[in-house]
Amino acid sequence: MTFTAIDFETATAYHPCSVGIVTVENGVIVDEFVTLIKPPNNEYNPFTIRVHGIYPRDTANAKSFVEVFPEIQKRLQNRIIVAHNESFDRNVLSKSMALYGLNYEDLNIGSRWECTVKIYKSKGLKPTKLSDCCKAMQIQLNHHEALSDARACAKLYLLK
């Protein structure tokens with residue numbers, strides 16, 4: 001199995017403050033990437049801070065999405081993409097790209113990604129939050145830390 005798993009943490013709406021990306025080649029994790037991202041105006045919703053624990057002070061000197069995008073692009077382009085609740089992460093990526101005038105179609109990754117929520121729901125697992133899926137499949141998780149979430153998603157997909 002060859003694919004890339006991704007997870008975004010957001011500051012507000014679809015504005016990311018962190019991304020984790022795990023590259024899998026022939027069933028083996030071969031690359032992991034994580035970075036903080038400075039959201040527009042470094043603004044955060046208090047709810048999202050409570051979820052992931054990332055504060056404006058943590059991203060004050062971080063690169064913006066457009067500055068981080070080359071690293072994201074080289075890991076996603078022409079790949080099968082996997083996410084837990086793929087519509088959320090796909091929207092974060094596509095809307096962030098649009099904000100900076102980047103064309104989502106250029107990534108050649110499709111309008112729908114592989115979704116571990118849908119996969120595990122179809123297997124009868126309930127509930128299907130990432131933490132629940134990981135507990136059921138005995139996968140270590142530091143929930144709402146982008147790299148840990150992406151790594152867990154990759155492992156869930158490998159076990160599908």
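Colleague: What sign of phi does Gln 138 take just after α6?

Modeller: A positive one: phi there is about 55°. Helices are DSSP runs of H or I with at least four residues, strands are runs of E with at least two, and both are numbered from the N terminus. This is a predicted model, where local features need pLDDT of at least 70, side-chain atom pairs count only at pLDDT 80 or more, and totals for chains, interfaces and linings use all residues. Residues are numbered from 1 along each chain as its sequence is written, and side-chain values use heavy atoms, with hydrogens and water left out.

Colleague: Why is Glu 105 called exposed?

Modeller: Its relative accessibility is 61%. Exposed means over 50%, buried under 20%, partly exposed in between (1.4 Å probe, protein chains only). So Glu 105 counts as exposed. Glu 105 sits in the loop between α4 (86-99) and β5 (114-115).

Colleague: Which residues of α6 are buried, and what puts them on the same side?

Modeller: In α6 (residues 130-137), the buried ones are Leu 130, Cys 133 and Cys 134. They cover an arc of only 100° around the axis, so they lie on the same side of α6. That arc is taken from the directions from the helix axis to the C-beta atoms. Their cover includes α5 (116-122) and α7 (146-158).

Colleague: How do you know that β1 and β4 pair?

Modeller: Pairing needs at least two bridges found by DSSP between the strands. Strands β1 (residues 3-12) and β4 (residues 81-83) run parallel and are joined by 2 bridges. Therefore they meet the rule of at least two. Ala 5 stands opposite Val 82 in β4.

Colleague: What makes β3 and β5 edge strands?

Modeller: The open sheet runs β3-β2-β1-β4-β5, with mixed pairing. Strands β3 (28-36) and β5 each pair on one side only.

Terms used
Contact means heavy atoms within 4.5 Å.
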